[in-house]
Amino acid sequence: MCLAIPGKIVELQGDRAIVDFGGVKQEVDVSLLEDVKEGDWVIVHTGFAIQKLSEEEAKASLEVWEEVLKHVEEELKHGEAEDG
Amino acid sequence: MERRRMVERIVRRIHREAEKLDREVSIMHVCGSHERTVVEHGLRSLLPENVRLVCGPGCPVCVTTAGELAAAIEAAEDGMVVCAFGDVYRVPTPRGSLSSCDGDVRVVQSARQAEQIAESEDRDVLYLAVGFETTAPTTAAVLLDDPPSNLYVLSAHRLIPPVMEWLLEQGECEIDAFICPGHVSTIIGERPYEPIAERAPCVIAGFEPEDVLIAVLACLRMVRRGETGLVNEYTRAVRPEGNRVALRAMERAFEPEDRPWRGFPTIPESGLALREELSEHDASEAGIEPDFSIGAHERCICDRILRGLATPEDCPLFGRECTPTNPVGPCMVSEEGPCFIKYRFGGGA
Ligand code: SF4
């Protein structure tokens, strides 16, 4: 039921969108999101888009992981010297 | 290559963190997709010996009770068209399964498809709505969009934070920290975890192996320091406020009610019932009421697996009498079920 990979909106008509998941296209309902447009990256669950992502975030490149790790370590830091 | 180095870096930090702890630590996730990442990438084998990554009740099909499934089976046998997700379709119950019953059962991929089937049918149509906060808004969207009068919804939707609270309170499975489900969190955001995060570290995580490992690292760090709190590792998709449109739809269509889960007793305010205003579409209007006293196969240990007390390998039927082609329990049917995931992605029986 869960599609963990984000897809890109390639066509949009009202609340119906065609989303491209790396070549596999699926019709998706976008009524649970505000301000969607063609070219947006979305997470899709049981036929509905449930969240938007930036293209960089969708691709989860090494830079993204560096950022995530930094963010999490920042959140955990308060008071302790970084030890890794 | 670069990704492997990143994974190695996180794993090194996890080991360093675990060395400073002189006890075993259990981290529970409550998401079928997390279990899939963990098993497919062999993440448990990368963790230190004193760190246990436990699979909890994160498979929505698995926690749906035999009573709810049997009610849908009965509806199909009584002449209703029943729409259900593919994962639900093959789950066996003491009253048979939707796939083998004598009735018109259609596999759908979304609530919208059930609505379209109702539009094209003269007969009454029942949509068996299974899923957590990720799926409930999709059912809500259809219910609030003036659906055809012959569409009835049997809401088996359940909420994740109440079951996490139950697990903590109950203490039967000693949980030191939680990894919170990524997609449920895209909808509900951070706030609903706050009461839980006051008592145990909670980390919202995405579905790549790096996501899960970073979440393990964050949990361990908090456990070691005796801290609690909520960390959002999955900021790429989870905003602190969640998805407001989806939350509003869910709120307008449903109200929480006490509900039993497979493997669990009744958990307060853990199910979603249709609001009074939408009662004309409630399955009960069509005479469909789940009988929660219907049990499960007596040798299937899905109940213990879902509570984090056992793993699929502990089940004597796993890979022998119970396989994906011949499933005995829901955990072997659903793509998010721990037995199915172990069988398919964890090197078989
Ligand atoms: S292997 Fe089959 S019988 Fe055993 S717990 Fe899993 S689903 Fe149930």
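**Entry 1: terms.** Strands, as I use the word here, are DSSP runs of E at least two residues long, numbered from the N terminus. I need that at once, since my opening stop is B:Glu269, which lies in strand β11 of chain B. Note to self: I am looking at a predicted model.

**Entry 2: B:Glu269.** I looked up the backbone here. Phi of B:Glu269 is near 50 degrees, a positive value, and the residue is not a glycine. Is B:Glu269 buried or exposed? Neither one: its relative accessible area is 48%, so I have it down as partly exposed. Buried would have needed a value under 20%, and exposed one over 50%.

**Entry 3: chain A.** I went over to chain A next. How many helices and strands does the chain have? I get two helices and five strands. Going from the N terminus, the order reads β-β-β-β-β-α-α. Chain A has 84 residues, and 42% of them count as buried. I also checked contacts between residues at least 6 apart in sequence: 24% of those in chain A join residues at least 24 apart.

**Entry 4: A:Thr46.** Another positive phi turned up in chain A. A:Thr46 is not a glycine, yet its phi is about 40 degrees. Where is A:Thr46 found? I traced A:Thr46 to the loop between β4 (41-45) and β5 (48-53) of chain A. The relative accessible area of A:Thr46 is 7%, so I log this residue as buried.

**Entry 5: helix α8 of chain B.** I then went to residues 160-170 of chain B, which form helix α8. This helix is mostly covered, with eight of its 11 residues buried. Which residues of α8(B) are buried? I listed B:Ile160, B:Pro161, B:Pro162, B:Val163 and B:Met164, then B:Trp166, B:Leu167 and B:Leu168. I wanted to know what lies over them. The cover includes several strands of chain B, namely β1 (25-29), β7 (177-180), β8 (201-204) and β11 (266-274). It also includes the helices α9 (182-188) and α10 (194-197) of chain B. So β11(B), where I found B:Glu269, comes up again as part of the cover of α8(B). Just past the helix I noted B:Gly171, which follows α8(B) and has a positive phi near 70 degrees.

**Entry 6: the disulfide.** I searched all chains for disulfides, and the count comes to one. Which cysteines does the disulfide join? The pair is B:Cys59 and B:Cys62, with 2.4 Å from S to S. For the record, a disulfide is a covalent bond between the sulfur atoms of two cysteines. I looked up the handedness too: the torsion about the S-S bond of B:Cys59 and B:Cys62 is about 75 degrees, so this disulfide is right-handed. B:Cys59 counts as buried because its relative accessibility is 2%, and B:Cys62 counts as buried at 0%.

**Entry 7: the ligand.** Last stop. Where does the ligand sit? I found the ligand in the second largest cavity. Cysteines around the ligand include B:Cys300, B:Cys302, B:Cys315, B:Cys322 and B:Cys339. I also wrote down B:Ile301, B:Ile305, B:Leu317, B:Phe318, B:Val328, B:Gly329 and B:Met332 as surrounding the ligand. By type, the shell divides into 11 nonpolar residues, one polar and no charged. The polar one has to be B:Gly329, because Gly counts as polar here while Cys counts as nonpolar. I looked up two of the cysteines for burial: B:Cys302 counts as buried at 4% relative accessibility, and B:Cys322 counts as buried at 8%.

Methods:
Residues numbered from 1 in each chain as written. Chains lettered and ligands numbered in written order. Predicted model: local features only at pLDDT ≥ 70, side-chain atom pairs only at ≥ 80, totals over all residues. Heavy atoms only, no water. Buried < 20%, exposed > 50% of the residue type's maximum accessible area, 1.4 Å probe, protein only. Helix = DSSP H or I, 4+ residues; strand = E, 2+ residues; numbered from the N terminus. Contact = heavy atoms within 4.5 Å. Near = heavy atom within 4 Å. 1 Å grid on protein atoms, 1.4 Å probe; cavity = no way out; pocket = protein on both sides within 12 Å on 5 of 7 lines; lining within 4 Å. Sits in = over half its atoms within 2 Å of the grid points. Disulfide = S-S within 2.5 Å.
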